[in-house]
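Good morning, and thank you for making time for this presentation. Please look at the sequence and the structure as they appear, and I shall then take you through selected features.

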Amino acid sequence: MLCVERVHTFYGPIEALRGVDIEVHDGEIVTLIGANGAGKSTLLMTICGAPHAAQGRVLLDGRDISREPTHLIMRAGIAHAPEGRRIFPRMSVLENLQMGALAVNPRYFEEHLQRVLELFPALASRRQQRGDTLSGGEQQMLAIGRALMSRPRLLLLDEPSLGLAPMTVKHIFRILRDINQTMGTTMLLVEQNAFHALRLAHRAYVMVNGSIALTGSGEQLLANRDVRAAYLEGGRKPS
């Protein structure tokens, strides 16, 4: 489905991505782990066309989308739940979800809304509540739900566990697994909580200083001694 080929991305003179190659196949959950500043979020934003890749290609179903504007990339079936949630704080839950549906045919809005509220029942009773009055976990659910309102084929998720309590993190990851299994949504997940991310993932990549350093199945990387030392035993331990 998605193929990133030798992508280089710059912020001014700073090279943030250095020849990145990744693939995401239809129906997979692929996770990308790495330290802060490794380039993980930049990769997701480059896929979305903001910024564009300076070199290399981003292919969606074999079509080069590297130079396309973001709104056309979203209409092609990609949605992005960004780091820090970035909901519209003064809008209600329902209005936030409506914003997520702008790129798709409005005739399917009620169907998509019902599906999202079934996935996140905590939002159903808060449809008229302002986004900034929700808890951190509820705001994360809203950010994911907003992205799902376009019924994407590929969902990009950036640090969905950031700032959440351990029980809420487990709940979010259970929902992500359910979305993948019941809706068939393909996911590319950026996450520093390596334990939960690798348990969820079919395949995974480790990014170091803007480059891919290691790849394998989620189980393989969980068992890898170097990965455990860098991202589990010396960093985030299983909760």
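**The largest pocket and its surroundings**

Twenty residues line the largest pocket, and those nearest its centre are Met-74, His-80, Met-99, Gly-100 and Arg-146. Before I go further, please note that this is a predicted model, in which local features need pLDDT of at least 70 and side-chain atom pairs count only at pLDDT 80 or more, while totals for chains, interfaces and linings use all residues. Residues are numbered from 1 along each chain as its sequence is written, and side-chain values use heavy atoms, with hydrogens and water left out.

A word on terms. The search runs on a 1 Å grid over the protein atoms alone: a pocket is an open set of points where a 1.4 Å probe fits, with protein on both sides within 12 Å along at least five of seven lines, whereas in a cavity the probe cannot get out; lining residues have an atom within 4 Å of a point. Grid points are joined across faces, edges and corners, and a volume is the space filled by probe spheres set on the points. On that basis the largest pocket holds about 570 Å³ of space.

Which elements each supply at least two residues of the lining? They are helix H2 (70-75), strand S6 (78-81), helix H3 (93-100) and helix H6 (136-148); the elements are DSSP runs numbered from the N terminus, with helices being H or I of at least four residues and strands E of at least two. H2 gives the largest share, four residues. By character, the lining divides into 12 nonpolar, five polar and three charged residues. Here Ala, Val, Leu, Ile, Met, Phe, Trp, Tyr, Cys and Pro count as nonpolar, Asp, Glu, Lys and Arg as charged, and the others, Gly among them, as polar.

Just after H2 comes a loop leading to S6, and Ala-76 is placed in that loop. Ala-76 counts as partly exposed because its relative accessibility is 23%; buried means under 20% relative accessible area, exposed over 50%, and partly exposed in between, with a 1.4 Å probe and protein chains only. Leaving aside residues up to four places away in sequence, Ala-76 touches Leu-60 and Arg-63, contact being heavy atoms within 4.5 Å. The C-alpha atom of Ala-76 is also separated by 8.6 Å from that of Arg-153, 77 residues apart along the chain.

**Two helices with a buried face**

I turn next to H3, whose buried residues are Val-93, Leu-94, Asn-96, Leu-97 and Gly-100. Viewed down the axis of H3, they fall within an arc of 160°, so they line one face of the helix; the arc is that of the directions from the helix axis to the C-beta atoms. Their cover includes helix H4 (109-119), helix H5 (121-124) and H6.

H4 itself has Phe-109, His-112, Leu-113, Val-116, Leu-117 and Leu-119 as its buried residues. These occupy an arc of 155° as seen down the axis of H4, so they too line one face of the helix. Which residues are exposed on the other side of H4? They are Glu-110 and Glu-118. Covering the buried residues of H4 are, among others, H3, H5, H6 and helix H7 (166-183).

**The open sheet**

Four strands make an open sheet in the order S2-S1-S4-S5, with antiparallel pairing; two strands pair if DSSP finds at least two bridges between them. The edge strands, each pairing on one side only, are S2 (14-24) and S5 (63-64).

Strand S1 (residues 2-11) is joined to S2 by eight bridges. Within this pairing, Tyr-11 has Ile-14 as its bridge partner, Phe-10 has Glu-15, and Val-7 stands opposite Val-20. The two strands form a hairpin with two residues between them, and Gly-12 in the turn has a positive phi of about 60°. S1 also pairs with S4 (residues 55-60) over five bridges, where Arg-57 is the bridge partner of Glu-5.

**Backbone points in the loops**

Finally, three loop positions. The peptide bond from Ala-50 to Pro-51 is cis, with omega near 10°, and Pro-51 lies between helix H1 (40-47) and S4. Arg-151, not a glycine, has a positive phi of about 50°; it is found in the loop between H6 and strand S7 (154-158). Asn-209 likewise is a residue other than glycine with a positive phi, near 50°, and belongs to the loop between strand S9 (203-208) and strand S10 (211-217). Asn-209 is exposed, with a relative accessible area of 56%.
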